[in-house]
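Reader: I'm new to this structure and would like to zoom in on one part of it. Could you walk me through the second largest pocket and what sits around it?

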Amino acid sequence: MATVEAATRTTTTSTTTNTPTDGGGGAPALRGLPEVSCPSELSTSEARHLTRVFFERLRSLEEGTREYQYVRNTLIEMNISLVRFAARPFRDRPGGPENEDILQVGIIGLIKAIDRYDPARDTQFTTLALPYITGEIKRHFRDTAWAVRVPRRLQELRTRLAKAAEELTAVLGHEPTPAELAAHLDLTEDEVRDGLVAANGYSAQSLDAPQESPAPGTQAPAPGRAPRTFADSVGDVDPALEAVENWHALAPLLADLDERCTRILQLRFGEEMTQAAIGAEIGLSQMHVSRLLARTLGALRRELLHG
């Protein structure tokens with residue numbers, strides 16, 4: 001959030017710098033402005049009235065001056081309540097309005113609205129500010145809240161599907177099927193399924209979280225025992241897979257061996273016979289069988305590693 005903090009750093013500027021006083025104290029450019037000791041604690045009606053007054057003065061000041069910065073900072077602090085108001089609908093999402101990041105993101109929208117507002121248009125500041133603030137918060141959720149990044153098209157489709165599902169559930173009395181959602185939104189069933197699958201990437205759950213109910217085909221944990229976690233149901237790597245790969249790599253090398261070496265390998269590793277038993281089977285001494293095994297295995301190993 002480094003960029004957010006940089007953009008909102010002006011909100012922490014002390015309002016005692018160049019603070020005007022009624023009658024003529026403070027900088028000449030600020031004379032006549034009411035003194036606001038705690039801008040963020042103003043009532044709604046006071047903030048609305050003073051916002052208009054400070055905007056009128058902001059138009060007459062040169063951007064970049066200390067006076068301009070004071071008036072702009074005071075406007076930001078006076079309207080922080082708009083950010084909190086705009087963040088309320090997002091309270092059920094991960095990182096809701098109690099999250100400091102969301103407030104900072106909303107303040108960016110507030111700053112943009114202050115920089116673009118023109119009092120000459122004779123419209124309420126809130127009319128411009130709320131869409132800017134809400135837009136920044138929505139953009140933040142779109143860009144950072146997804147556990148798995150998906151294309152924006154699917155992000156928007158997820159929102160449409162959620163609204164359509166709520167509407168159809170109220171009308172139909174049951175959760176709509178993909179076909180019913182597709183007909184309602186004028187989409188294909190494949191598009192609906194893509195959106196439903198993408199929705200799974202919005203949030204993630206820890207593998208150490210306990211399962212709410214036993215997986216199909218499993219028994220519930222005994223009383224007093226910890227419930228199964230999702231990690232308990234995740235499969236592990238099958239060690240036999242490596243053996244399959246090794247066999248496919250070894251098969252053409254075995255096919256090139258002579259009949260005697262092939263027979264020795266079959267008796268030793270297929271039938272698990274001892275070297276002495278193999279020697280008796282094929283008419284060789286145990287020492288001769290040992291040398292043939294070592295030579296054959298060494299050649300196969302070299303071929304596998306360097307072939």
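Author: Here is a walk from the whole chain to that pocket, and then out to a few loops.

A word of care to begin with: this is a predicted model. The chain has 13 helices and 0 strands, so if you read along the sequence you just meet one α after another. Of its 307 residues, 31% count as buried. Take the contacts between residues at least 6 apart in sequence: 57% of them join residues at least 24 apart.

Now to the pocket you asked about. The second largest pocket has a volume of about 340 Å³. It is lined by 19 residues, and those closest to its centre are T44, A47, R48, N79 and T126. Which helices supply at least two residues each to this lining? They are α2, which runs over 44–58, α4, covering 80–87, and α6, covering 125–144. Of the contributors, α2 gives the most, with 6 residues. As for chemistry, the lining divides into 8 nonpolar, 8 polar and 3 charged residues.

Let's stay with α2 for a moment, since T51 has its place in that helix. Is T51 buried or exposed? At 4% relative accessibility, T51 falls under the 20% cut-off, so it counts as buried. Its side chain has polar partners that tie back to the names above. The side chain of T51 reaches the backbone oxygen of A47 at 2.6 Å, and A47 is one of the residues closest to the pocket centre. A second polar contact, of 3.3 Å, joins the side chains of T51 and N79. N79 is also among the residues closest to the centre of the pocket. Leaving out residues up to four places away in sequence, T51 touches L75, M78, N79 and F125. Two of those names can be placed on elements you've already met or are about to meet: F125 falls in α6, which spans 125–144, and M78 falls in α3, which spans residues 66–78.

That brings us to T74, whose place is in helix α3. T74 has a relative accessibility of 1%, which is why it counts as buried. If you set aside neighbours within four places in sequence, T74 is in contact with V36, P39 and F54. F54 takes us back to α2, the helix that spans 44–58.

What about the cysteines? The structure holds 0 disulfides. Two cysteines can still be compared by how covered they are. C38 is partly exposed, because its relative accessibility is 37%. C261 is buried, because its relative accessible area is 9%.

Next, the stretch leading into α6, one of the helices of the pocket lining. D118 sits in the loop between α5 (100–116) and α6. With a relative accessible area of 28%, D118 lands between the 20% and 50% cut-offs and is therefore partly exposed. How far apart in space are D118 and E56? Their C-alpha atoms are 9.0 Å apart, although 62 residues separate the two in sequence. E56 lies in the range of α2, residues 44–58, so this pair relates the loop to the helix that gives the most to the pocket lining.The loop between α5 and α6 also holds D122. At 62% relative accessibility, D122 is over the 50% cut-off and so counts as exposed. The backbone here deserves a second look: phi of D122 is near 60 degrees, a positive value in a residue other than glycine. For background, most residues other than glycine have a negative phi.

Further along the chain, D186 also has a phi near 60 degrees, again positive in a residue other than glycine. You'll find D186 in the loop between α8 (178–185) and α9 (189–199). Its relative accessible area is 71%, which is why D186 counts as exposed.

One last stop is S206, in the loop between α9 and α10 (239–255). S206 is partly exposed, because its relative accessible area is 43%. Its C-alpha atom is separated by 7.9 Å from that of F230, a residue 24 places away along the chain.

Technical notes:
Residues are numbered from 1 along each chain as its sequence is written. This is a predicted model: local features need pLDDT of at least 70, side-chain atom pairs count only at pLDDT 80 or more; totals for chains, interfaces and linings use all residues. Side-chain values use heavy atoms; hydrogens and water are left out. On a 1 Å grid over the protein atoms alone, a cavity is a set of points where a 1.4 Å probe fits but cannot get out, and a pocket is an open set with protein on both sides within 12 Å along at least five of seven lines; lining residues have an atom within 4 Å of a point. Grid points are joined across faces, edges and corners, and a volume is the space filled by probe spheres set on the points. Helices (H or I, at least four residues) and strands (E, at least two) are DSSP runs, numbered from the N terminus. Ala, Val, Leu, Ile, Met, Phe, Trp, Tyr, Cys and Pro count as nonpolar, Asp, Glu, Lys and Arg as charged, and the others, Gly among them, as polar. A disulfide is a pair of cysteine sulfur atoms within 2.5 Å. Buried means under 20% relative accessible area, exposed over 50%, partly exposed in between (1.4 Å probe, protein chains only). A polar contact is a pair of N or O atoms within 3.5 Å; within protein, one must be able to donate a hydrogen and the other to accept it, and residues adjacent in sequence count only if both atoms are side-chain atoms. Contact means heavy atoms within 4.5 Å.
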